[in-house]
Amino acid sequence: PLRRYPTSSFDLSVLVPHREHSGTVQDAIRRFGGEHLIEVQFVRAYEGAPLPEGQKSLSYRLVVGALDHTLSN
């Protein structure tokens, strides 16, 4: 069914140690995302310049929304 109220999506990138698993980070985002977090999708991992040695960037697409109202800031 179509949603009555709109959702918003944005990308979130986090810098983590090289050996950190993307699923572990994704689970943490879900736990701390709050009641309006609808979806978390892994987008990509990046290692290399200009990131510090031993670090990588993990990017996720987050979708937020509510079933009974439009979100506002």
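Here is a walk through this predicted model, from its sheet to its core and then to two local details.

Let us start with the sheet. Strands of a sheet pair through backbone hydrogen bonds, and they can do this in a parallel or an antiparallel way. In this model, 3 strands come together as an open, antiparallel sheet, and their order across it is S1-S3-S2. Strand S1 (8-17) and strand S2 stand at the edges with a single partner strand each, so one side of each has no neighbour in the sheet. On average, neighbouring strands are turned by 25° against each other, direction ignored.

If you would like to trace one pairing by eye, try S2 and S3. These two strands run antiparallel to each other and are joined over 8 bridges. A handy place to begin is leucine 37, whose bridge partner in S3 is valine 64. Helix H1, made of residues 22-32, packs on this sheet and touches S1, S2 and S3. The direction of H1 makes about 150° with that of S2.

What makes up the largest nonpolar core? It has 9 residues in all: Val16, Val25, Ile29, Leu37, Val40, Leu58, Tyr60, Leu62 and Val64. H1, S2 and S3 are the elements that contribute two or more residues to this core, and the largest share, 4 residues, comes from S3. Leucine 62 is a good residue to centre your view on. Leaving aside residues up to four places away in sequence, leucine 62 touches Ser8, Ser9, Phe10, Leu12, Ile29, Leu37, Glu39 and Val40.

Now turn to a polar residue, serine 59, which lies in strand S3. Is serine 59 buried or exposed? Its relative accessible area is 8%, so serine 59 counts as buried, the cut-off being under 20%. The side chain of serine 59 is joined to that of serine 13 by a polar contact of 2.6 Å. With residues up to four places away in sequence again left out, serine 59 touches Leu12, Ser13, Gln41, Phe42, Val43 and Arg44.

One last stop is a loop. Most peptide bonds are trans. Alanine 49 and proline 50, however, are joined by a cis peptide bond, with omega at about 10°. Where does proline 50 lie? You will find proline 50 in the loop between strand S2 (37-46) and strand S3 (55-64).

Technical notes. Residues numbered from 1 in each chain as written. Predicted model: local features only at pLDDT ≥ 70, side-chain atom pairs only at ≥ 80, totals over all residues. Heavy atoms only, no water. Pairing = 2+ DSSP bridges. Axes fitted to C-alpha atoms, helices over the stretch in contact; angles between N-to-C directions. Contact = heavy atoms within 4.5 Å. Core = buried A, V, L, I, M, F, W, Y, C linked by side-chain atoms within 4.5 Å. Buried < 20%, exposed > 50% of the residue type's maximum accessible area, 1.4 Å probe, protein only. Polar contact = N/O pair within 3.5 Å; in protein donor to acceptor, adjacent residues only side chain to side chain.
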